[in-house]
Amino acid sequence: MDRISAPLDFYTLWMKFGHTIDDSRKEYPEITDELLEDLQKWAKERGLPRIPDEQLALFAHSCYFDVEATKRCMNVYYRMRATVPEFFSDRDPSLDYLQRSLKALEFVMLPKPDKNGNRIIFHRLADSRPSKYVFNDGIKLLMMSVDASLYRNGCSAGYIFLFDMAGMRLGHLTRLSINSIRKFFEYLQEGMPVRLKAMHVLNAVWFMDKVLALIRPFMKQELYEMLHLYTGDVSDVYPHVPPECLPKDFGGELDCVANLHKAHCMKLDQLQKYFREEEALFRNYSPDNMTSPKIMSDTIEDLKDCHNGDDG
């Protein structure tokens, strides 16, 4: 057996998704063996172990099966996950620092997609005290929520972000970092493997002009046009996100946000092993095509550590 291919396949056996490549192909026949092999070769040249076909399918689907666009997306995805630890390292939801943010913030992958099949991720403050708000950890949990949905559901028609700004104060703005905002929007627009359809913001605050002044320089026009702000009654969002897709807190038919958040935290906790394995995968990414035996060896050792940690 080839010295390199053996551990690559060994890795693929470990990292399993909550859906299969066949599930994705049933919906999207554009996911061909030729496409997957091309992307796999590209990844191997950059120091990555064998990526599960399910993950490659997510990249290709998010870029509407444009191969060159897919490779650009993969480059940003792995580069940022290797170089932006404040968003993509230590993603264990049981750690104290994330537990604190999960008490201060609420996240929900709403259980019912909209009529077009778009999945909806909801986020709001649970504790309105600015001192309890850690922007980087909030972004980390948001990205973990996206990853958890991709893990379970595979390729989806699109994604909608639904944010509630109730409780946000001017003091929260002082907790933001321009550098972190820039990195977040780079990943959101260039590296996140989903088809983002819209961002709806409920209870937009009176100082929204100041918020926009911070984020607008980092938003492409296409993304800016996806942003919809609501200052009036929650029913204003119903034409876009109907009541059957919303928690009862917003006049919807689903359970309350608190219960949905609790269930979401349990789902994140169940994916501890996946988050560790995925982090080990991209840790040694080399965008400049500098693959070496040591890079591959280090990555395999990281994966062994993840696997052995679950045997104890």
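Let me start at one bridge: in strand β3, the bridge partner of Ile120 is Ile160. Keep in mind that what we are looking at is a predicted model. The bridge belongs to a longer pairing, in which β2 and β3, residues 158–164, run parallel over 7 bridges. Between these two strands the chain passes through helix α8, residues 135–153, and β2, α8 and β3 together form a right-handed β-α-β unit.

What about the other neighbour of β2? Strand β1, residues 105–109, pairs with β2 in the antiparallel sense, over 5 bridges. One of the pairs there is Leu105 with Leu125, the latter in β2.

How many of the 8 residues of β2 are buried? The count is 7, so the strand, residues 118–125, is largely enclosed by the rest of the structure. To read that, you need the cut-off: a residue is called buried when its relative accessible area is under 20%.

Moving along from β3, the next partner is β4, residues 196–202, and these two pair in the parallel sense over 6 bridges. In that pairing, Tyr159 stands opposite Leu196 of β4.

Now the whole sheet. It is an open sheet of 5 strands in the order β1-β2-β3-β4-β5, and the pairing is mixed. Which strands are at the edges? They are β1 and β5, the latter being residues 227–229, and each pairs on one side only. From one strand to the next, the twist averages 15 degrees. Helix α7 packs on this sheet and touches β1 and β2, with its direction at about 85 degrees to that of β1.

Stepping back to the chain, there are 15 helices and 5 strands. Of the 312 residues, 54% are buried. If you take the contacts with a separation of 6 or more, 76% of them are between residues 24 or more positions apart.

Next, a pair of helices. Two packed helices are described by the angle between their axes and the distance between the axes. For α5, residues 67–83, and α10, the axes come within 9 Å and cross at roughly 150 degrees. The crossing is left-handed. On the α5 side the contact is made by Arg72, Cys73, Val76, Tyr77, Arg79, Met80 and Arg81, and on the α10 side by Lys183, Glu186, Tyr187, Glu190 and Gly191.

Helix α10 itself covers residues 178–191, which is 14 residues. From first C-alpha to last it reaches 19 Å, close to the 20 Å expected at 1.5 Å a residue. Which of its residues are buried? They are Ser180, Ile181, Lys183, Phe184, Phe185, Tyr187, Leu188 and Gly191. When you look at such a list, remember that an α-helix has 3.6 residues a turn, so residues three or four places apart point the same way.

That leaves the loops, and I have picked four residues.

Ser156 sits in the loop between α8 and β3, which is the stretch leading into the strand I began with. Is Ser156 buried or exposed? Its relative accessible area is 6%, so Ser156 counts as buried. Apart from neighbours within four places in sequence, Ser156 is in contact with Tyr28, His61, Gly117 and Arg119.

Pro287 is in the loop between α14, residues 272–282, and α15, residues 293–309. Its relative accessibility is 34%, so Pro287 counts as partly exposed. Its C-alpha atom is separated by 8.3 Å from that of Gly47, although the two residues are 240 apart along the chain. Leaving out residues up to four places away in sequence, Pro287 touches Arg46 and Asn75.

The last two residues are about backbone angles. Most residues other than glycine have a negative phi. Tyr64, in the loop between α4, residues 53–62, and α5, has a positive phi near 55 degrees and is not a glycine. Tyr64 is at 49% relative accessibility, so it counts as partly exposed.

Asp90 is found in the loop between α6, residues 85–88, and α7, residues 96–104. Its phi is also positive, at about 55 degrees, and Asp90 is not a glycine either. Asp90 has a relative accessible area of 49%, so it is partly exposed.

Key. Residues numbered from 1 in each chain as written. Predicted model: local features only at pLDDT ≥ 70, side-chain atom pairs only at ≥ 80, totals over all residues. Heavy atoms only, no water. Buried < 20%, exposed > 50% of the residue type's maximum accessible area, 1.4 Å probe, protein only. Helix = DSSP H or I, 4+ residues; strand = E, 2+ residues; numbered from the N terminus. Pairing = 2+ DSSP bridges. Right-handed = clockwise from strand over helix to strand, strands pointing away. Expected span 1.5 Å × (residues − 1). Axes fitted to C-alpha atoms, helices over the stretch in contact; angles between N-to-C directions. Left-handed = near helix turned anticlockwise from the far one by under 90°. Contact = heavy atoms within 4.5 Å.
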